[in-house]
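Work through the following exercises with the sequence and the structure at hand, and try each task before reading its solution.

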Amino acid sequence: MNTTLDPARTTGEPVEPPELLARNIRVGSRIWAASQAFFFLAFFFAFLYLRALNTAGLWRGWPPHHPDPSLAFGVAILICVLAGAAVARLSVYLSAASWRAGTIAALVLVLAAVGLQSAQFSSLGFGPTDAAYASVFVGWTGLFTVTLLGTAYWLATVVGDVSRAGETALVLRAAAVDAVSFVLLVLAGVEIAAFILLYIVK
Amino acid sequence: MSATAITVRRPVWRRLIGFNMLTGLVLGIGGWFLGAWIGGQMAIGHDYLVGTDQNDVGIYMGYLFGLIGWLVGLGFANYPIGRLLGRPPTLRHHETGGWTRYFRLCTDHKVIGLQYLFGIGIFFFIGGLNAMLMRTELLRPVEQVWPAGQYLTLVGLHGTMMIMMTSAFILGPFGNYFVPIMIGAQRMAFPRIEALTFWLTPAAGLILMSAIAFGGIPFGWTGYAPLSDQARSGADAYVMAFLLIALSMTLIGINLMATILTMRAPGMSWTRLPIFVWGVLATSVLMALASPVLVAVMSMVLMDRSANTSFFLASAGGSPYLYENLFWFFGHPEVYILALPGFGIVLEILPVFARKPLWGYRLAVAGMFGVTILSFMVWQHHLFVSGMNAGLRPFYMLTTELISIPTGFIFLNAMGTLWRARIRFTVPMLFALAFFFNFLIGGLSGVFLSDVPSDVTTHGSYFVMAHFHYTIMGGLVFAFFGAIYYWLPKMMGVVFNERLAKIHFWLMFVFFNLTFFPLFAAGFLDMPRRVSTYAPHLQWLNDFVSASAYMLGFSMLVFLANLVWSLVFARIPAAENPWASRGLEWQLPTPIPVENFARIPVITSGPYEYGVTGAPPVADFMPAALPAAGS
Amino acid sequence: MTEIVPERVHPHGWRIVGIWLLLTAISVPLIVLVLGPHLPPGNVSGEAGGQRDANVLLTALLVPIALLVCVFFVYSVAVFRNSGEAIVDGPPLKGHAGAQLLWIVLTSVIVLALAVWGSYTLIVSTHGAGGGQGPDPIALPKGHQHALPIQVIGQQWEWTFRYPTYGGLETRDIAIPANTLVAFHVTSIDVTHSFWAYELGVKADAVPGVDNIAFVTARQTGFFQVRCAELCGLWHGHMAKKGRILSVSAFQAWIAAAQKRNAAIGKYLPKYNHVYFPAPLRRAG
Ligand code: HEA
Ligand code: HEA
Ligand code: CUA
Ligand SMILES: [Cu+2]
């Protein structure tokens with residue numbers, strides 16, 4: 001990949017050529033995704049570590065009452081996140097005409113995941129005070145939802161970009177869709193890990 | 001909007017209104033009270049409040065809303081809102097307008113660099129002041145000036161402030177200012193994010209200092225979990241401040257990395273990249289990957305303290321080890337975040353004043369990235385006696401000692417560059433040379449610590465403290481001052497008083513060593529860290545150290561005096577290239593125009609071709625290209 | 001730009017090596033013979049001796065490395081300076097594959113040797129070097145099944161000690177028998193502390209919910225200094241005590257006296273356990 005600037009494109013006015021902006025967004029989104037992966041790595045580690053230590057035998061909480069999040073919600077959230085990421089990513093490979101529909105669908109799915117997670121919190125059946133597993137569950141899913149919400153805002157701006165097709169260059173719109181969908185893809189990976197650990201392994 | 005439209009004169013009071021620091025401060029304080037009130041409402045009726053006089057939820061909400069107020073007041077909300085409303089983004093109007101742009105959201109990377117320099121300088125000064133107060137307490141082996149709790153808060157504030165602020169000590173001011181120029185770009189990849197990284201820093205600093213009002217942070221900069229869980233609300237300030245700084249570090253890392261990867265001018269191949277830029281690149285990898293883990297661990301502390309989760313509470317299924325692991329998984333890369341930019345600076349300075357090419361350029365790059373990769377694999381060397389994973393200790397001993405190899409490369413580069421050189425003893429060169437002496441001692445003392453049998457003696461003692469002051473104060477801070485003396489003529493357009501600068505250097509070098517070298521002995525003589533009282537027979541040693549520390553502080557005042565004198569009173573204009581350096585930044589006029597380069601230059605040669613016969617000039621600034629659009 | 005005239009080869013390199021060899025020949029014997037015996041933590045136990053040997057060896061190895069770098073720098077600064085005002089370029093040397101390779105090989109060999117030797121002392125010759133090994137120690141000294149267990153409990157801001165083989169006896173001061181393998185079981189009931197017996201060469205974090213084991217055999221009778229090496233709150237600096245190393249018979253007498261003294265309160269103590277869990281810890285105040 002040639003990552004250096006083309007001198008012919010530049011002008012006295014420091015307004016970057018769209019190709020450069022596009023490359024910035026793409027590269028930036030890859031690094032941002034890596035940062036987020038490391039962020040959730042901490043929770044991944046916390047889960048496995050606390051589970052392995054099982055201090056005072058309290059990993060799953062105080063005996064008769066073991067926290068058990070509802071699997072139905074879990075599956076629903078998983079599906080929404082995966083579908084959102086898949087739709088966003090797929091539209092990258094389709095024609096520019098599909099970007100708008102793709103990003104809107106992804107936005108709806110991501111917001112649905114946020115909504116489902118909030119609904120699950122309000123009917124959880126246990127609380128953050130129920131020892132280690134409950135802590136990891138609440139912390140991981142809670143912060144994941146916050147991250148999703150932030151990504152949803154970004155997605156909304158991308159929807160705006162691709163809707164006003166006349167104003168921004170094609171490369172820029174392509175990069176915007178590509179960037180946000182890549183981050184969503186990584187978040188979907190995190191969600192798969194979360195689902196396996198929090199709902200199946202426990 | 002054009003630049004000339006701004007120059008309309010308006011009364012001062014009118015100019016204070018608008019999106020600037022003052023508005024930010026007002027909204028921030030207002031936001032704090034609003035948030036604290038909301039948090040108070042949220043927490044009503046929760047049983048854990050019964051019997052305590054504090055409500056951590058309220059305090060966290062206060063900080064959150066305060067932060068939002070601060071950022072909104074500075075104008076950070078305008079862009080996201082505009083984006084959603086469909087207004088096209090533009091940066092231009094953020095880059096113009098007199099001196100007030102230093103107190104506003106400004107997306108010119110050169111303004112942000114200077115904002116960073118002075119912002120961090122102030123916090124560094126406060127951290128140094130704390131150190132002076134600590135040394136005063138340690139004049140006598142009994143408790144005298146500060147009660148034990150306040151002494152510990154001083155230690156915590158000093159350590160946290162210093163570590164937080166010096167993380168961006170070089171990347172903030174010099175990385176932001178010079179990386180785009182050195183790679184031949186007109187700006188950074190994400191200018192708004194760049195501004196955000198800076199403006200989060202004062203917010204974090206102020207929040208950290210607010211801990212004093214809430215019972216202090218009597219748990220050091222490491223904030224080990226059950227202790228910080230037990231502490232009063234000052235711990236909330238620590239958590240919030242560290243969280244924000246970690247966010248800022250993540251973003252600055254992403255931004256600098258993206259800039260270096262995508263914005264290099266034509267001809268700026270990887271082998272022509274200035275070594276400082278390589279150092280910044282390696283550091284930004286660490287920042288982008290390690291700091292998110294700090295965000296995560298701080299949010300776990302936050303939840304433990306406010307939502308009553310039990311990540312770190314052994315009696316409820318958690319484990320203090322989890323905190324220690326996660327903290328040091330960030331904490332060790334963090335110390336190389338402090339070291340690597342320093343390597344970059346000194347290797348950048350040496351060739352200029354040795355008048356020789358950088359010796360072993362590829363080795364230097366390999367050294368930096370070797371350190372980067374290894375630093376993710378050594379964190380348990382801080383936990384050798386903690387009782388966790390004792391079977392892994394040989395592994396961590398090995399990886400830790402392996403880091404000496406890539407770090408040694410940097411020393412070899414320096415030695416090769418000095419070999420048969422034509423050294424000029426300018427002030428930046430003196431600081432660069434002192435860096436190697438100090439860091440050598442600091443690094444080799446690290447090898448003691450990495451050997452487990454030896455670490456059993458010295459862990460938790462002043463030996464560790466001396467080790468890291470040698471690497472950070474002796475390494476990073478010396479490199480920082482070298483960079484100031486080297487680049488300030490370009491950044492500010494004035495020259496320093498050389499006489500005062502040399503006095504500063506010699507005072508600082510001599511008294512730095514007199515302050516911290518004896519502390520290796522104090523550690524060997526079983527003086528634990530973080531104590532305000534100690535064994536009486538160590539008093540003479542500590543008195544000597546305190547006296548030297550005051551002189552060290554005095555040397556900093558010499559620097560400040562020089563800064564004020566040169567900047568405000570003497571104002572002797574600097575030559576455009578006073579050091580006859582080949583660096584791209586030195587080929588530009590002073591002051592550097594807003595857009596740096598009228599046209600993107602074409603790089604024609606490496607930056608260190610001193611003495612190479614027939615070496616072309618570094619860049620072609622007016623490449624024969626299409627005429628600029630609009631002309 | 002100056003023209004490069006091939007310089008007459010100066011014996012700079014040999015001079016540097018010569019000065020370095022001289023300084024090393026002076027400093028290393030001084031370190032080993034004069035400084036060495038005074039390096040901490042002394043020789044009261046086998047573990048402490050192992051640590052001291054480590055400190056001596058590291059000093060004797062690292063000082064020459066430091067000397068090499070320093071001699072090179074001082075020599076260069078003294079000899080390769082630019083005389084006069086004019087800026088003159090030096091010879092454009094960009095690297096030397098042989099020199100780089102030599103440096104890489106040398107530092108790698110030193111570092112690997114250090115790691116191997118460090119692991120050997122840690123695991124084989126000093127059985128954990130007196131450091132805390134956690135609940136399942138791997139570096140086990142001979143006869144560890146018969147070691148005298150002593151529990152060390154850290155709490156804000158006091159050390160207490162329990163002797164499970166003497167009926168869970170709890171004391172506020174500590175004595176250990178000389179020439180006997182002792183297994184410290186270090187734990188905490190509130191925050192993290194670190195049990196540091198300086199002359200014994202023992203350091204082990206006291207972590208709530210963890211039984212952190214460290215082995216030590218004292219070679220002679222005498223005293224040792226106990227401190228806390230991990231910040232644990234206000235009076236962290238005051239968790240200091242003098243411990244005693246007694247002959248085996250004196251130790252028995254000391255235990256008997258302590259048992260007698262504590263007979264009345266002994267029944268109120270919680271049962272001996274490897275770890276203790278107080279009620280969930282919440283904020284003070
Ligand atoms: C800039 C910051 C910085 C840097 C660069 C380093 C560098 C190193 N550090 Fe340090 N360290 C800290 C900052 C830093 N450290 C801090 C802040 C703490 C304490 C935190 C706290 O508890 O509060 C700490 C604590 C710390 C510990 C834990 C101590 C304890 O608490 O028990 C250890 C243990 O292994 C350690 C080791 C090392 C090593 C091996 C290096 C190596 O990278 C050094 C490598 C350099 C050299 C070796 C010299 C040059 C090399 C040559 C000339 C080549 C030839 C040399 C050989 C062949 C050996 N450090
Ligand atoms: C960047 C890191 C850094 C720096 C530079 C320093 C600098 C100094 N430190 Fe610091 N220190 C730490 C990081 C640092 N320290 C950490 C992490 C700890 C551990 C905390 C813990 O245990 O939790 C610690 C602990 C620590 C202790 C141990 C406390 C204890 O354990 O009980 C002591 C004691 O003497 C000490 C002293 C000093 C002194 C005298 C300086 C002097 O060098 C300071 C001199 C500086 C000044 C006097 C300020 C001058 C500044 C200016 C003039 C501003 C310039 C302005 C512009 C650029 C515009 N430090
Ligand atoms: Cu107990 Cu420090
Ligand atoms: Cu480390």
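**Exercise 1.** How many disulfides does the structure hold over all chains?

*Solution.* We begin by noting that this is a predicted model. A disulfide is a covalent bond between the sulfur atoms of two cysteines. Counted over all chains, the structure holds zero disulfides. Two cysteines can still be compared in their surroundings: C106(B) is buried, at 0% relative accessibility, whereas C70(C) is partly exposed, at 23%.

**Exercise 2.** Describe the site of the iron atom of ligand 2, starting from its protein donors.

*Solution.* First, identify the donors: H158(B) and H469(B) each offer their NE2 atom to the iron atom, at 1.9 to 2.0 Å. Next, locate them in the chain, where H158(B) belongs to helix α6 and H469(B) to helix α18 of chain B, so that the pair, 311 residues apart, links distant parts of the chain. Then consider the accessibility of each: H158(B) has a relative accessible area of 11% and H469(B) one of 14%, and because buried means under 20%, both count as buried. Finally, examine the geometry, in which the six donor atoms make angles of 86 to 179 degrees and the site is octahedral. For six octahedral donors, the ideal angles are 90 or 180 degrees.

**Exercise 3.** Where in chain C does pLDDT stay under 50?

*Solution.* Start with the whole chain: chain C has a mean pLDDT of 88, and 94% of its residues reach 70 or more. The stretch under 50 covers residues 281–285 of chain C, for which the model has 24 contacts beyond four places in sequence. Where pLDDT is low, the predicted coordinates should not be read in detail.

How values were computed. Residues are numbered from 1 along each chain as its sequence is written. Chains are lettered from A and ligands numbered from 1 in the order in which they are written. This is a predicted model: local features need pLDDT of at least 70, side-chain atom pairs count only at pLDDT 80 or more; totals for chains, interfaces and linings use all residues. Side-chain values use heavy atoms; hydrogens and water are left out. Donors are N, O and S atoms within 2.8 Å of the metal (3.2 Å for Na, K and Ca); water is not among the atoms, so sites may look incomplete. Four donors count as tetrahedral if all angles lie between 85 and 135 degrees; four count as square planar and six as octahedral if opposite donors are over 155 degrees apart and all others between 65 and 115; anything else is irregular. Helices (H or I, at least four residues) and strands (E, at least two) are DSSP runs, numbered from the N terminus. Buried means under 20% relative accessible area, exposed over 50%, partly exposed in between (1.4 Å probe, protein chains only). A disulfide is a pair of cysteine sulfur atoms within 2.5 Å. pLDDT is the predictor's confidence in each residue, from 0 to 100. Contact means heavy atoms within 4.5 Å.
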